[in-house]
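Here is a short briefing to read alongside the model. Please keep the viewer open and follow the topics one by one.

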Amino acid sequence: MKKTTLLLSAALLSACSATSLSDLPERLETSVPQALPPMAMFGSSNPEPPRRSNAEIARDFLDLTFQMESGRPIPVLTRFDEPVTITVAPGAPATLMGDLDRLIQRLRNEAGIDIRRIPHGQGDASITIETMPRARMQRAVPQAACFVVPRVTSWDEFRVARSSSRTLDWTTLTTREHAAVFIPNDVSPQEVRDCLHEEVGQALGPLNDLYRLPDSVFNDDNFNAVLTGFDMLILRAYYDPALRSGMSREEVAQRLPAILSRLNPGGNRGAAVPPRVTDRDWVQAIEDALGGRLPVPSRIAAAQRAVVIAQSRGWQDIRLGFSYFALGRLSLSRDAETAVTAFVTAGRHFDRVAPGSIQSAHVDMQLAAFALSAGDAEQVLTLVGRALPAATRAENASLMATLLMIRAEALELQGRMSEAAAVRLDSLGWARYGFGRDAAVRDRLTEVAALSPNNRS
């Protein structure tokens, strides 16, 4: 199972379209401190509980569990026998262990899984995490940001097993005994953390991704990067004593309503409306638009095609908003009017499906960048204030940092210099986690500052 490099770094309105960075006044340089503050780290999580009915969640559970992303059916449910052990091979980034321990604690508390970390080489671990340079990893699996495979415990075993299609085939399992997660070690701490959540989540549970889910990491749009309340409920149901490895879809479907009623009594309402199928034409259009392999005009055309397909299928869920969001992102450097219209439309659909969501926060960040470029400080502060709670709840440090940098520039437009300096300093700690390298932090700060009319010659 691989996590593709489709989307969501916190891109924003291209500063270079307004001015050359070499034209910025000296004040901009002095706003970037020579020594950056310590990296900010997240503490306890505060995920929202699932909003959908248990009937809908049961439908989602079955679709996540009994089908691969490719569409191939999975004949039986498989999971690890508890207790589950997890280990990390040498060479991992310094932040990985802390983030892994936080994840393990959440899996124990929220999903009820008996899971613990053990030292590498001191036991037969259920899940092994191995890190390496991204280029090395992508020579074996192009376009993968990170991925998880069954039946192996190391990169060397994976390379040997690639010659055997059955060994790495999840659909041939009847239970899970070993899985290996491969993550790049030369990316930002946030990217490492995001890979941990998605790939460990899939090593333990669902193997499919569904674009229709607004509140899950099991969705290739990558809006949600840490396991959500919905995801933890899915994993708790996965490891419920009423289920076991080897059960068919029909057997699981018979037991699931009682399981979810017990685990999520607040969801005992309403029936499940059959979802409209996500057809391959739309998926291909999204992948063409956001995969980065085609020239920009072709990618914009693909995003427009995705919008048309979503509209023609009558979708009114997160997929329609995502189609417009992709169009807005790709139109930024070519057609600002189209971009703004697409973002506003995306935000309207996101707000209808999932009010106050991380999806809406991404839209508000883009619109705040436009408002900053127009010199509308009040609108900037409104949009940033609306977006920050969702970005914080989703633990998206790169988005939080960008929003705070935009807020600092708006405060300066209002002459509130000391407040601006404090907010900008706060942004840098989150930026170090979200963007990683100091140079990347400084680049983002410079890009945001270049949006402000104060810094345009």
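A charged surface patch here joins residues that have over 30% relative accessible area and no salt bridge, with like charges linked within 9 Å. Please bear in mind that this is a predicted model. With that in hand, we can visit two charged patches, then the salt bridges, and then two strands.

**Charged patches on the surface**

- Arg136, Arg139, Arg159 and Arg162 make up a positive surface patch.
- Within that patch, arginine 136 belongs to helix H4, which covers residues 134-140.
- Arginine 136 has a relative accessible area of 34%, so it counts as partly exposed.
- A negative surface patch brings together Asp81, Glu82, Asp124 and Glu177.
- To find glutamate 82, look in the loop between helix H2 (54-65) and strand E2.
- Glutamate 82 is partly exposed because its relative accessibility is 37%.

**Salt bridges around glutamate 395**

- Side chains of opposite charge can pair when their charged atoms come close.
- How many salt bridges does the structure hold? The count is 27.
- One of them joins glutamate 395 to arginine 102, with 3.4 Å between the closest N and O atoms.
- This pair connects distant parts of the chain, 293 residues apart: glutamate 395 sits in the loop between helix H14 (377-393) and helix H15 (397-413), while arginine 102 is in helix H3 (residues 96-110).
- Is glutamate 395 buried or exposed? Its relative accessibility is 4%, so glutamate 395 counts as buried.
- Glutamate 395 also forms a salt bridge with arginine 193, where the closest N and O atoms are 3.7 Å apart.
- Because arginine 193 lies in helix H6 (residues 189-204) and glutamate 395 in the loop between H14 and H15, this pair ties together parts that are 202 residues apart in sequence.
- Arginine 193 is buried too, at 1% relative accessibility.

**A network of shared partners**

- Salt bridges with shared partners connect Arg52, Arg59, Asp60, Asp63, Arg212, Asp215 and Arg249 in one network.
- Two members of this network, arginine 59 and aspartate 60, meet through their side chains in a salt bridge of 3.3 Å, N to O.
- Buried means under 20% relative accessible area, and arginine 59, at 17%, counts as buried.
- Aspartate 60 is buried as well, with a relative accessible area of 0%.

**Strand E5 and its partner E6**

- Why can strand E5 (residues 144-150) be called largely enclosed by the rest of the structure? Seven of its seven residues are buried, so the surrounding structure largely encloses E5.
- E5 pairs with strand E6 (residues 179-184) in the antiparallel sense, over four bridges.
- For proline 150, the bridge partner in E6 is alanine 179.

**Strand E2 and its partner E3**

- Strand E2 (residues 84-88) is mostly covered, with five of its five residues buried.
- In a regular strand the side chains alternate between the two faces of the sheet.
- Which residues of E2 point one way, and which the other way? Val84, Ile86 and Val88 point one way, Thr85 and Thr87 point the other way, and all are buried.
- E2 runs parallel to strand E3 (residues 115-117), and three bridges join them.
- Opposite valine 84 in this pairing stands isoleucine 115 of E3.

Note on methods. Residues are numbered from 1 along each chain as its sequence is written. This is a predicted model: local features need pLDDT of at least 70, side-chain atom pairs count only at pLDDT 80 or more; totals for chains, interfaces and linings use all residues. Side-chain values use heavy atoms; hydrogens and water are left out. Patches are made of residues with over 30% relative accessible area and no salt bridge: like charges are joined within 9 Å, nonpolar side chains (Val, Leu, Ile, Met, Phe, Trp, Tyr) within 5 Å. Accessible areas come from the Shrake-Rupley method with a 1.4 Å probe; for residues, only the protein chains shown count as cover. A salt bridge is a side-chain nitrogen of Lys or Arg within 4 Å of a carboxyl oxygen of Asp or Glu. Lys and Arg count as positive and Asp and Glu as negative; His and the chain ends are not counted. The place of a charge is taken as NZ of Lys, CZ of Arg, CG of Asp or CD of Glu. Helices (H or I, at least four residues) and strands (E, at least two) are DSSP runs, numbered from the N terminus. Buried means under 20% relative accessible area, exposed over 50%, partly exposed in between (1.4 Å probe, protein chains only). Two strands pair if DSSP finds at least two bridges between them.
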